[in-house]
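Hi,

Here is the structure I promised to pass on. Have a look at it first, and my notes follow underneath.

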Amino acid sequence: MLDRNGALEVFIINRNNLFNVKKILADGGYTGEKFAHAVKKILGAEVEVAKRNKLHKVAVIPKRWVVERSFALLEKCRRLWKNCECKLNTSLQMMVLTFLIIVLKRL
């Protein structure tokens with residue numbers, strides 16, 4: 001519940017920067033028509049939930065691996081293992097720098 005409310009607040013605050021977003025890919029914690037309707041109202045985007053397999057079998061779940069891979073890439077950066085920055089903007093810039101390094105290494 002708190003994660004959904006926090007996500008909606010972030011969308012409201014950053015709606016001017018997110019005007020091109022067409023689809024939000026989220027995990028099972030963001031299910032529900034209420035959340036999807038609020039996102040549609042704020043951003044005009046649809047919400048797609050990538051749920052885990054209910055049978056608890058080991059299997060690749062379409063699109064969920066994208067989110068998991070992104071977190072795994074961030075965890076490779078030692079400075080992002082723990083939040084030791086004093087300012088939120090510094091943490092954000094460290095994430096941007098990490099993804100920039102990843103992209104540059106792939107070129």
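**The salt bridge and its neighbours**

K23 is partly exposed, at 42% relative accessible area; buried here means under 20%, exposed over 50%, and partly exposed in between, with a 1.4 Å probe and protein chains only. Before going further, two notes on the source. This is a predicted model, where local features need pLDDT of at least 70 and side-chain atom pairs count only at pLDDT 80 or more, while totals for chains, interfaces and linings use all residues. Residues are numbered from 1 along each chain as its sequence is written, and side-chain values use heavy atoms, with hydrogens and water left out.

Back to K23: its partner in a salt bridge is E48, with the closest N and O atoms 3.0 Å apart. (That term needs a side-chain nitrogen of Lys or Arg within 4 Å of a carboxyl oxygen of Asp or Glu.) K23 sits in strand β1 (residues 23–26) and E48 in strand β2 (residues 46–49), so the pair ties together parts that are 25 residues apart in sequence. E48 is partly exposed too, with 22% relative accessibility. The structure holds one salt bridge, so what you see there is the whole list.

K63 is worth a click as well. It is found in the loop between β2 and α3 (64–75) and is partly exposed at 39%. Leaving aside residues up to four places away in sequence, K63 touches K23, L25 and E48, a contact being heavy atoms within 4.5 Å. The C-alpha atoms of K63 and D27 are 10.0 Å apart, with their positions 36 residues apart along the chain.

**The chain as a whole**

You'll find four helices and two strands, running α-β-α-β-α-α along the sequence. These are DSSP runs numbered from the N terminus: helices are H or I with at least four residues, strands are E with at least two. Of the 107 residues, 21% are buried. Among contacts with a separation of 6 or more, 43% join residues 24 or more positions apart. The chain exposes about 9,000 Å², and carbon and sulfur atoms supply 60% of that; areas come from the Shrake-Rupley method with a 1.4 Å probe, and for residues only the protein chains shown count as cover.

**Helix α4 and the patches**

S91 lies in helix α4 and is buried, with 14% relative accessible area. Its C-alpha is 7.9 Å from that of L80, which is 11 residues away along the chain.

On the surface, L97, L100, V103, L104 and L107 make a nonpolar patch of about 530 Å². Patches take residues with over 30% relative accessible area and no salt bridge, joining like charges within 9 Å and nonpolar side chains (Val, Leu, Ile, Met, Phe, Trp, Tyr) within 5 Å. L107 belongs to the segment after α4 and is exposed at 82%.

There is also a positive patch, formed by R69, K76, K105 and R106. Lys and Arg count as positive and Asp and Glu as negative, with His and the chain ends not counted; each charge is placed at NZ of Lys, CZ of Arg, CG of Asp or CD of Glu. R106 is in helix α4 (residues 88–106) and is exposed, at 59%.

Cheers
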